[in-house]
Structure formats: C-alpha cells, structure tokens
Amino acid sequence: MPVDPHLLLAFLLTTAIAMVTPGPDMLFILGCGMRGGPKAGLLATAGVATSEAIHVAVAAAGLAALFAAVPVAFTVVRIAGAAYLIHLGVQAIRNRKPLVERKADRAYLSGLLTNLLNPKMVTFTIAFLPQFVDPAKGHVWLQFAVLGAIMIVFEFLVDGTVGVLAGRVGGWVRRKQNQRRIEVATGGIFIGLGLKLATDR
C-alpha cells in the first residue's frame, strides 16, 4: 500500500467530515441542480472534481510557493473567481428563457472554472494533502495520486448526490410553476458565493 494505513484512515475520516459539511462547492452544485436538473448537478460535480484533480497535481508538483512568492497572484485569481460567480448569478436572475432550452453541459465548465478560480481551494489542497503523505515510504507522487483519487470519489458520492437530488426537487418545483423563484434563488446563491470569495482574506 503506497499510503501509510494510519494516515489513510485519518485522511478518510477527515475528508468525509469535510465533504458532508456544506461549503461553496456543495452550494454551487446545489444551485446548478436546482436550475438545470439532475444532469446539470452531476456535470457541475464532474467539473468541480476535474478542478480538484488539477489542484492535487499542483500540490504534488510543489507549486505552493507561487502564491507565497507572488501575493498579488492570489488576489487576482480570487477576484476573477468572484467576478465569474457574480456574473453567473446575474445571468441566472436576468434569464427569461425556459430551463429546457438551456444546455446542462455548461454546468461542467462552470463547475470547473469556479473551483479553479478559487485560490483558497488550491492553498487548502496544498496545505491539507501533505499532512497525510509519508516521504519515508517513497513514491510521494503516487501517494498524492491515491489521496486525490479518494477526494474525487468522495466528491461524486456526496456533492454528486446533492446535485441529483437538487435537480429532482427543482424539477418538482418547476412543475408547480415556480421557475422564476428558482432562477432568483440560484442567482442569489451564486452572487453570495462570489461576494464571499471577494471579501475573504
């Protein structure tokens, strides 16, 4: 086993707790599911999971020094991510087209970009994963790969379930002619996440 069993157990418990605790990713996926249905919820989850794989690769490559060496890079990426989320929120509120006319496939790209443009996710991954890597066992890159794969599985199990359930609930609500309320609520979630990202330090 490439990962120390004791460290692996601690990682599983910690990751499970972190995943079931509502956070920006879960709220974003919930909003996508409510707005675009179960498929959109799953695609948003896939986008977030893809960005997590990239974050793990960044951590494994030892690029943590980037934000430390160039603090302005952290700020630029953070503001860009916040602006994108706010843009999604405004578009959701202003959109007048029926939900069935929208492509759920856009949820994947949105999930990918919102997570990639959240530098706190990069720094969290860089700070979190190494705690469960034992250099003495060798093959550090393989340990990162195993831990990263586990994170992605948890992402689909937890947030993917949230996205699908939100899509089903959203479908029921839409049949009750409350589409406009869903748009406003989803837009509010996205704008709130964007403002939080912009003001957090």
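This briefing describes the fold, the surface and the nonpolar cores of a single protein model. The model is predicted, and its secondary structure consists of nine helices and zero strands. Of the 201 residues of the protein, 43% count as buried, and two separate nonpolar cores are described below, one with 18 residues and a second with 12.

**Fold and contacts**

- Followed along the sequence, the elements give the pattern α-α-α-α-α-α-α-α-α, in keeping with the count of nine helices and zero strands.
- When contacts are restricted to residues at least 6 apart in sequence, 86% of them join residues at least 24 apart.

**Surface**

- The protein has an accessible surface of about 10400 Å², and carbon and sulfur atoms account for 71% of that area.

**Largest nonpolar core**

- The largest nonpolar core holds 18 residues, and the ones with the most contacts inside this core are F11, L129, F144 and L147.
- At least two residues of this core come from each of helix 1 (5-20), helix 3 (38-60) and helix 8 (140-175), and helix 8 gives the most, contributing seven residues.
- Once neighbours within four places in sequence are set aside, L147 is in contact with V3, L8, F11, L129, F132 and V133, a list in which F11 and L129 are again residues with the most contacts inside the largest core.

**Second nonpolar core**

- A second core, separate from the one just described, is made up of 12 residues, among them F28, V48, L85 and F190.

Notes. Residues are numbered from 1 along each chain as its sequence is written. This is a predicted model: local features need pLDDT of at least 70, side-chain atom pairs count only at pLDDT 80 or more; totals for chains, interfaces and linings use all residues. Side-chain values use heavy atoms; hydrogens and water are left out. Helices (H or I, at least four residues) and strands (E, at least two) are DSSP runs, numbered from the N terminus. Buried means under 20% relative accessible area, exposed over 50%, partly exposed in between (1.4 Å probe, protein chains only). Contact means heavy atoms within 4.5 Å. Accessible areas come from the Shrake-Rupley method with a 1.4 Å probe; for residues, only the protein chains shown count as cover. A nonpolar core is a set of buried Ala, Val, Leu, Ile, Met, Phe, Trp, Tyr and Cys residues joined through side-chain atoms within 4.5 Å.
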